[in-house]
Amino acid sequence: MPTGHVTRGTTGTNRLRRVDRWIASLPAFRTAADPLVVDLGYGASATTPLELHHRLARVRPEVEVVGIEIEPERVALASLSAKPGVSFRLGGFEVPLPDAMERAGRRPAVIRALNVLRQYPEEAVAGSWDLMVSRLAPGGVLVEGTCNEVGRVASWVGVTSDGPQTFTASLRLASLESPLIVAERLPKALIHRNVEGERIHAFLEELDRHWRYNAALAVYSPVQRWVATVEGMRSAGWPVLHGRARWRLGEISVPWSAVAPA
């Protein structure tokens with residue numbers, strides 16, 4: 001039997017574009033000997049697996065995406081949209097692959113699980129991470145997180161066989177009033193930790209402080225304001241990853257240790 005339980009299945013066009021763009025940049029995907037990617041818990045339609053394949057194929061044309069859902073009716077419906085490079089499978093956190101892939105010993109380079117664990121209790125996170133990661137190819141990455149209904153606010157954790165490695169927040173800058181809005185869409189491992197004394201709370205408070213400090217730059221563009229905000233975070237001692245090319249997309253990433261539950 002699949003591991004897990006049926007969730008709401010909410011989905012939508014372009015909802016996961018921010019995390020897809022981040023996955024496309026991952027060395028674990030770009031350099032994978034077998035660019036196999038799983039979309040776990042894709043929801044009530046085939047939309048997000050198809051979009052994921054379309055975006056990743058720009059980087060690796062030979063990419064294959066397997067959509068996995070725990071609800072049989074969703075799998076039956078999505079399978080009507082299967083095409084070369086995109087297939088669908090009934091399953092849960094055990095991440096079963098199509099029989100031919102299993103027989104060939106294939107394993108995904110990336111597993112994307114967005115808006116799934118959000119609907120589980122916090123104590124289910126570690127075990128679910130471990131189970132999904134156990135199915136990855138060597139060097140593979142689990143990308144687990146959540147976003148709002150239209151994909152303008154998102155955050156996720158990058159998890160490997162060595163445990164959680166990174167935390168990323170990604171925001172649509174054109175309509176951003178405060179980066180604190182991401183608190184509503186933190187991964188399950190963090191959403192209940194946004195309180196005094198926790199690292200994620202300190203991180204978000206500092207991020208908002210720098211965003212407000214750089215308010216004058218908004219007359220040039222929200223992108224310039226955000227880049228200055230992220231630079232301010234780095235100058236303040238936060239171990240911010242990457243550089244301006246990614247910051248300009250509305251992203252900020254830090255090592256997991258910077259925001260991990262105390």
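Two strands pair if DSSP finds at least two bridges between them. Helices (H or I, at least four residues) and strands (E, at least two) are DSSP runs, numbered from the N terminus. The model is predicted: local features need pLDDT of at least 70, side-chain atom pairs count only at pLDDT 80 or more, and totals for chains, interfaces and linings use all residues. Residues are numbered from 1 along each chain as its sequence is written, and side-chain values use heavy atoms, with hydrogens and water left out.

**Exercise 1. Find the neighbours of strand β6 (residues 153–160) and describe how they pair with β6.**

Step 1. Start with strand β5 (residues 141–147), which runs antiparallel to β6 and is joined to it by 6 bridges. For one partner pair, look at T146 and S155 of β6.

Step 2. Now follow the chain between these two strands: their hairpin has 5 residues between the strands, and G151 takes a positive phi near 75° there.

Step 3. Turn to strand β7 (residues 163–171), which pairs with β6 over 8 bridges, also in the antiparallel sense. Here A154 has S170 of β7 as its bridge partner, and the hairpin of β6 and β7 has 2 residues between them.

**Exercise 2. Place β6 in its sheet and decide whether its residues are buried or exposed.**

Step 1. Read the strand order: β3-β2-β1-β4-β5-β6-β7-β8, an open sheet of 8 strands with mixed pairing. Its edge strands, β3 (86–90) and β8 (251–255), each pair on one side only.

Step 2. Look for a parallel pair: strand β4 (residues 110–114) and β5 are joined by 5 bridges and run parallel. In this pair, L114 is partnered with G145 of β5.

Step 3. Check both faces of β6. V153, S155, V157 and V159 point one way, while A154, W156, G158 and T160 point the other way, and all are buried (under 20% relative accessible area, with exposed over 50% and partly exposed in between; 1.4 Å probe, protein chains only).

**Exercise 3. Identify the residues that line the second largest pocket, and sort them by class.**

Step 1. List the lining: R17, R18, D20, R21, A24, R55, R58 and V59.

Step 2. Find the main contributor: helix α1 (residues 17–25) gives the most, with 5 residues.

Step 3. Sort the lining into 2 nonpolar, no polar and 6 charged residues. Asp, Glu, Lys and Arg count as charged; Ala, Val, Leu, Ile, Met, Phe, Trp, Tyr, Cys and Pro as nonpolar; the others, Gly among them, as polar.

Step 4. Recall what a pocket is: on a 1 Å grid over the protein atoms alone, an open set of points where a 1.4 Å probe fits, with protein on both sides within 12 Å along at least five of seven lines; lining residues have an atom within 4 Å of a point.
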